[in-house]
Amino acid sequence: MRFTKPSWVSHKGRTPMHARAPIAAALLTPSPDANQKRVSIFSIHVHPDGSRLATGGLDAKVRIWSTLPILRSEAEDSPKSLCTLGMHSGPVLTVRWSHSGKWLASGSDDTIIMIWDLDPTGGGKVWGSDETNIEGWKALRRLPGHESDVTDLAWSPGDRYLASVGLDSRVIVWCGYSLNLLRRLDLHQGFVKGVCWDPVGQFLATQSDDKSVKIWRTDDWGVEATITKPFEDSPGSTFFRRLSWSPDGAHITASNAMNNNGYVFVAAVISRQTWASDISLVGHENTVEVAAYNPHIFLRRPKDPITTSNICSVVALGSDDLTVSVWQTKSARPLIVAKDVFERAILDLGWSFDGLTLYACSSDGTIGVFDFDQEEMEGIAPRSAQVEYLKMFNFTPAPMPTPLLERVSQARTPPPSPPHFSSSTPVSLAAPPTYPPQSVTVAKNGKRRIKPLFISHLSYGPLPSASAAPSAAPPLFGSISMFAPNEDHHHAELDMTVPITALNGGGDDRKAEKRKAEEDEAGSSWPGRPTKARTLGGDRVRESVNQVKELRSRVSAVGFPPAPNHPSTAIAIDIPSIKSYLCSALEEKDGDLFEARNPEVGEDPTEVMFISAKQTQFLDYLPAAAILLTCTSVFCAVAMEDASIIVYSLNGRRIMPTLMLDAPSAYLEGSKHFLMTITSSARVYVWNIKSQKAAFPSVHLDPFIRAPSSILSAQIRPNGAPLILLSSGVAYSFDPALSTWVRISEARWSEGSDAWEGKHRTNKNSSSRGVISTLESALSDLNMDSDSAANVIKYRWWNAALTLGHLETKLHAAKVLDSPTEYRAALLSYAKKIAEEGFKGKAEELLKDLCGPLYWKPSKDEQVWCPTVLGLQKRDLLKEVSSIFAKSKTLAKLGQGWQDTLRKAALDEF
Amino acid sequence: MSIVTIRNVEFLSNPAPFQAEYRFRITFDCIAPLKEDLEWKLLFVSSPATEEYDQELDDCMVGPVPVGVNSFEFSAPAPDRDRIPPGDVLGVAAVILTASYREQEFVRVGYYQNTEYDNEEMKENPPESIVWDRLVRELAEKPRVTRFSIKWDSEDSPPRPASPSPMPVDPAPADPMPVDTGLSET
């Protein structure tokens with residue numbers, strides 16, 4: 001291990017204001033002297049690609065540093081400070097990079113959270129200062145919501161959410177894409193000083209001065225558990241209570257815990273599910289401020305397979321006793337203890353993505369860097385092992401609600417402005433652009449009012465898209481990417497590889513090239529790099545995606561004009577705009593990416609490429625521009641402007657003939673071996689790629705989508721059922737058995753049904769969120785007018801009729817969409833509702849339906865009665881339903897009778 | 001924490017005859033929606049030691065301001081020469097650009113202005129009474145920037161179409177103290 005304290009990483013004291021308050025204050029401000037005092041650094045976080053370090057300090061600044069001169073002594077002379085961000089007006093208490101590396105979030109004493117984005121052209125001399133920013137990180141969004149200091153922030157796995165906590169006792173969950181406020185969790189009774197996400201995505205954990213850790217479910221944001229025991233005697237005086245979740249999901253290590261009635265300072269290890277804390281990390285002589293797990297899982301016996309019993313992890317602790325300790329959970333003693341390296345409390349810790357470097361910052365204004373060798377991190381498993389292992393939890397995070405995304409994109413539509421300079425145009429051009437005459441009117445107060453000229457938006461790159469981002473985790477062994485920026489650490493639409501320009505020797509190309517060559521060599525000797533099998537295009541260096549341009553704008557459905565190239569077909573659905581770059585990430589496998597590049601000018605053909613394990617698996621040239629892409633674990637498909645679709649296997653074989661449609665695709669979705677497209681003429685096609693057959697003959701969606709109703713989202717289920725959500729608040733699927741469209745769910749039920757999940761969000765089945773439940777919350781979000789439910793005239797039987805109707809619809813929907821868990825849940829709710837209302841007729845019919853012929857024996861009469869539904873045994877369901885009736889007031893006799901019958905039937909069968 | 005930040009101030013008339021109007025192109029970032037206009041002022045400080053002779057050259061409202069990068073041209077007449085103490089005409093003075101929101105100043109940008117005659121002879125032997133037509137002014141390129149923390153719109157102002165829960169009003173305490181400039185270095 002190598003320990004360094006780069007003294008140049010610092011935050012310096014505020015300039016004292018000697019205000020001659022009147023007019024000349026700006027001129028009379030004395031020049032700050034160069035030897036300003038170092039001030040506390042509250043937070044530190046390393047970029048997922050390992051190249052940049054962010055720090056937040058008492059000086060109200062966020063600073064971004066290059067890690068190269070820290071990690072490589074020979075690079076000592078390369079630029080160090082990359083960017084200083086001075087927009088906060090209070091100390092910066094937390095800085096956190098998103099997992100994608102695209103955004104940096106900072107939280108401050110000024111109650112504001114800022115999201116920073118890299119403007120590739122924005123570096124250079126900072127106006128109004130002597131500073132030169134090598135990188136142009138710029139404010140993208142300002143998130144007000146807290147009423148007091150923001151103490152900690154955390155991005156959820158896949159950047160689906162951003163959680164913030166503060167001294168206003170609040171926990172706020174923000175959408176990781178739109179950055180809108182989603183939820184406010186107001187149950188802590190004291191300052192909240194730490195937050196972390198479950199790597200599985202199921203829970204959120206927060207730690208507060210109310211001497212508790214709360215675990216929140218991400219599916220309904222309810223409290224799963226409140227852990228208080230380890231903190232009963234914990235002092236409330238610490239700056240932070242930063243906690244961390246182990247990469248295998250099994251434990252949380254919480255800071256500021258106490259053993260022996262407050263005599264022993266420890267970190268408490270809390271187990272998942274039981275939420276009990278039986279293990280403490282003992283040894284620190286003062287309060288533990290921060291715990292941080294190494295992001296990799298470790299194997300106790302590296303040669304054995306990855307099983308729960310073979311997994312351990314590495315966690316670092318930072319304490320008020322000025323000491324950093326690193327523990328491996330298989331050992332009772334710490335791996336290392338670093339004493340006397342800081343002069344004041346340790347306030348934050350952060351591991352690099354490769355798990356080999358630990359960064360610590362202290363209130364003494366310094367940082368420390370622990371750089372480990374691979375051998376010292378015994379048993380470290382690759383990131384893929386973690387991804388693989390976490391699948392065991394079988395948890396599907398809630399998808400991005402589509403209506404939200406739609407609205408966000410609408411909200412960002414630029415106001416019309418005559419000369420539209422793209423954000424890549426530097427504002428301070430040497431030859432100034434010509435400006436149109438400005439519009440001057442008279443303001444209310446009689447002064448003249450100038451309408452400013454809108455120049456550009458604040459987003460500097462493509463927004464992460466909902467489909468691509470969840471799997472857009474940072475690259476494996478990301479730290480090498482900074483030495484080889486054009487290697488293959490790319491993923492979905494994220495330009496993490498913006499090279500630090502200054503590293504290229506100030507524009508000396510030859511030098512840069514030479515360096516690049518050396519780096520390539522270094523890169524290829526990286527341990528564990530697989531030898532490459534030959535693939536079509538496999539040896540080509542993937543070009544980085546700098547900026548996605550819109551080549552042709554979307555073809556709008558307004559007025560149903562004829563489709564281009566297809567004059568006979570009217571357009572009912574907008575065809576997406578044609579972009580210079582598009583991609584689709586394979587969710588099951590990290591980093592696998594199917595991408596297309598449309599030529600911006602000239603005769604170049606469109607290219608598609610599939611990248612797996614950082615290697616181009618195949619490429620192909622297309623006859624027309626690509627509009628949409630999708631890929632699953634079975635196939636990749638691309639829809640083209642000329643209304644055709646090509647389907648490839650993951651090795652690049654065309655496993656279907658080129659499919660010709662009636663109009664270009666507006667949606668293209670895949671799931672397992674099913675592929676769905678909706679054309680602009682509103683025809684829906686679903687194919688089973690495995691059996692090479694259409695799941696059903698193509699059908700029209702026309703009747704449903706006449707204006708003003710439009711498609712909000714379209715997806716395909718793994719069983720081949722399409723699921724289409726319309727802005728009218730109705731979701732449809734097609735049932736091939738009935739040869740008709742069926743209504744899966746609709747917002748109408750929310751106006752009276754007790755079982756409406758979108759509204760109540762009290763989903764009892766907390767472990768995973770089903771498709772219908774997700775749909776219902778999307779419908780609720782759509783139905784913004786929250787008063788509508790209250791305004792409905794209540795008829796006498798309104799509530800009961802709507803609840804039963806809703807649940808019956810839901811049972812059918814669960815069957816069509818193949819969601820057994822939700823089928824069972826809906827059935828039980830249905831039984832309860834019937835029991836509550838005492839509808840005996842319905843109850844009997846339901847029981848008979850589940851029971852089937854009383855003396856039915858398996859293997860006989862299967863044509864007549866099917867003993868299972870969605871893989872569930874009907875008789876098992878019958879047991880549950882009859883026991884619900886048995887416990888009810890009105891149907892107790894009926895239920896008990898059926899329980900007896902069932903018992904007898906079971907005996908008879910033996 | 002400021003919603004509006006200046007990206008650049010470009011001089012459109014510099015150097016210029018003393019009596020010519022000042023023209024600037026100001027480019028600024030706005031990171032959240034604003035309900036009101038911004039007010040920009042240009043001040044002329046002839047005697048740094050006292051406010052008495054400060055002159056407000058012009059002010060204007062700028063709006064509506066969309067989120068994003070915006071720019072406008074600000075012009076203001078030259079100072080009233082009769083209000084400048086004769087001893088302060090030549091040499092160093094200052095021009096100050098300020099921006100306010102809801103009558104709270106959030107940024108102040110100062111430039112030194114050097115005033116002299118346009119020919120060597122007059123420079124060396126200035127005439128007894130000032131010959132205004134022969135004076136030229138030049139602003140130093142380097143701005144001195146001071147930022148102030150103010151109360152912007154009550155923090156509920158950004159529209160949140162997608163947020164299912166209503167946002168309560170969250171007023172940030174107005175901080176009368178100027179915050180870190182850090183940028184006003186020489």
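This passage describes the two chains of a predicted model, from their overall make-up to selected residues.

Chain A contains 13 helices and 57 strands. Of its 910 residues, 58% are buried. Among contacts in chain A with a separation of 6 or more, 55% join residues 24 or more positions apart. Chain B holds 1 helix and 10 strands. Read from the N terminus, its elements follow the order β-β-β-β-β-β-β-β-α-β-β. The buried share of the 186 residues in chain B is 57%. For chain B, residues 24 or more positions apart supply 66% of the contacts with a separation of 6 or more.

An unreviewed UniProt entry lists "repeat: WD" for chain A at residues 34-66, 85-119, 143-174 and 185-216. Two of these spans were examined in the model. Residues 85-119 of chain A are 57% strand and 0% helix. The end C-alpha atoms of that span are 13 Å apart. Residues 143-174 of chain A are 53% strand and 0% helix. Here the end C-alpha atoms lie 9 Å apart.

Two residues of chain A stand out by backbone angle. Most residues other than glycine have a negative phi. A:Asn256 has a positive phi, near 50°, and is not a glycine. A:Asn256 belongs to strand S21 of chain A, which covers residues 251-259. With a relative accessibility of 0%, A:Asn256 counts as buried. A:Gln273, also a residue other than glycine, has a positive phi near 75°. A:Gln273 sits in a loop of chain A, between strand S22 (264-271) and strand S23 (279-282).

A:Ser313 also occupies a loop in chain A. Strand S26 (311-312) and strand S27 (314-319) flank that loop. A:Ser313 is buried because its relative accessible area is 2%, under the 20% cut-off. Beyond its neighbours within four places in sequence, A:Ser313 contacts A:Ser246, A:Pro247, A:Tyr293, A:Phe298, A:Trp327, A:Gln328 and A:Thr329.

Attention now turns to helices of chain A. Helix H7 of chain A (residues 771-782) packs with helix H9 of chain A (residues 798-817). The angle between them is about 125°, and their axes are 10 Å apart. H7(A) is therefore oblique to H9(A). On the H7(A) side, the contact involves A:Val771, A:Ile772 and A:Glu776. H9(A) contributes A:His806, A:Lys810, A:Ala813, A:Ala814 and A:Leu817. Sorted by class, this contact of H7(A) with H9(A) comprises 5 nonpolar, 1 polar and 2 charged residues.

Helix H10 of chain A spans residues 820-837, 18 residues in total. From its first C-alpha to its last, H10(A) reaches 26 Å. That is close to the 26 Å expected at 1.5 Å a residue. The buried residues of H10(A) are A:Glu822, A:Tyr823, A:Ala826, A:Leu827, A:Leu828, A:Tyr830, A:Ala831, A:Lys833, A:Ile834 and A:Ala835. Their cover includes H7 and H9 of chain A. It also includes helix H11 (840-851), helix H12 (874-887), strand S56 (868-869) and strand S57 (872-873) of chain A. After H10(A) comes A:Gly838, with a positive phi near 75°.

One residue of helix H10 of chain A, A:Lys833, was followed further. A:Lys833 counts as buried because its relative accessibility is 5%, under the 20% cut-off. Setting aside residues up to four places away in sequence, A:Lys833 touches A:Asp754, A:Asn799, A:Ala800, A:Thr803, A:Leu804 and A:Leu807. A:Thr803 is 30 residues from A:Lys833 along the chain. The C-alpha atoms of A:Lys833 and A:Thr803 are 7.9 Å apart.

In chain B, two peptide bonds were examined. Most peptide bonds are trans. The bond from B:Asn14 to B:Pro15 is cis, with omega near -10°. B:Pro15 falls in the loop between strand S1 (4-11) and strand S2 (16-17) of chain B. The bond from B:Gly63 to B:Pro64 is cis too, with omega near -5°. B:Pro64 is placed in the loop that separates strand S5 (55-62) from strand S6 (68-76) of chain B.

Terms used. Residues are numbered from 1 along each chain as its sequence is written. Chains are lettered from A and ligands numbered from 1 in the order in which they are written. This is a predicted model: local features need pLDDT of at least 70, side-chain atom pairs count only at pLDDT 80 or more; totals for chains, interfaces and linings use all residues. Side-chain values use heavy atoms; hydrogens and water are left out. Axes are lines fitted to C-alpha atoms, for helices over the stretch in contact, and angles run from 0 to 180 degrees between N-to-C directions. Helices (H or I, at least four residues) and strands (E, at least two) are DSSP runs, numbered from the N terminus. Angles under 35 degrees count as roughly parallel, over 145 as roughly antiparallel, 65 to 115 as roughly perpendicular and the rest as oblique. Contact means heavy atoms within 4.5 Å. Ala, Val, Leu, Ile, Met, Phe, Trp, Tyr, Cys and Pro count as nonpolar, Asp, Glu, Lys and Arg as charged, and the others, Gly among them, as polar. The expected span of a helix is 1.5 Å times one less than its number of residues. Buried means under 20% relative accessible area, exposed over 50%, partly exposed in between (1.4 Å probe, protein chains only). UniProt positions are given in the numbering used here, feature names are shortened, and annotations may be inferred rather than shown by experiment.
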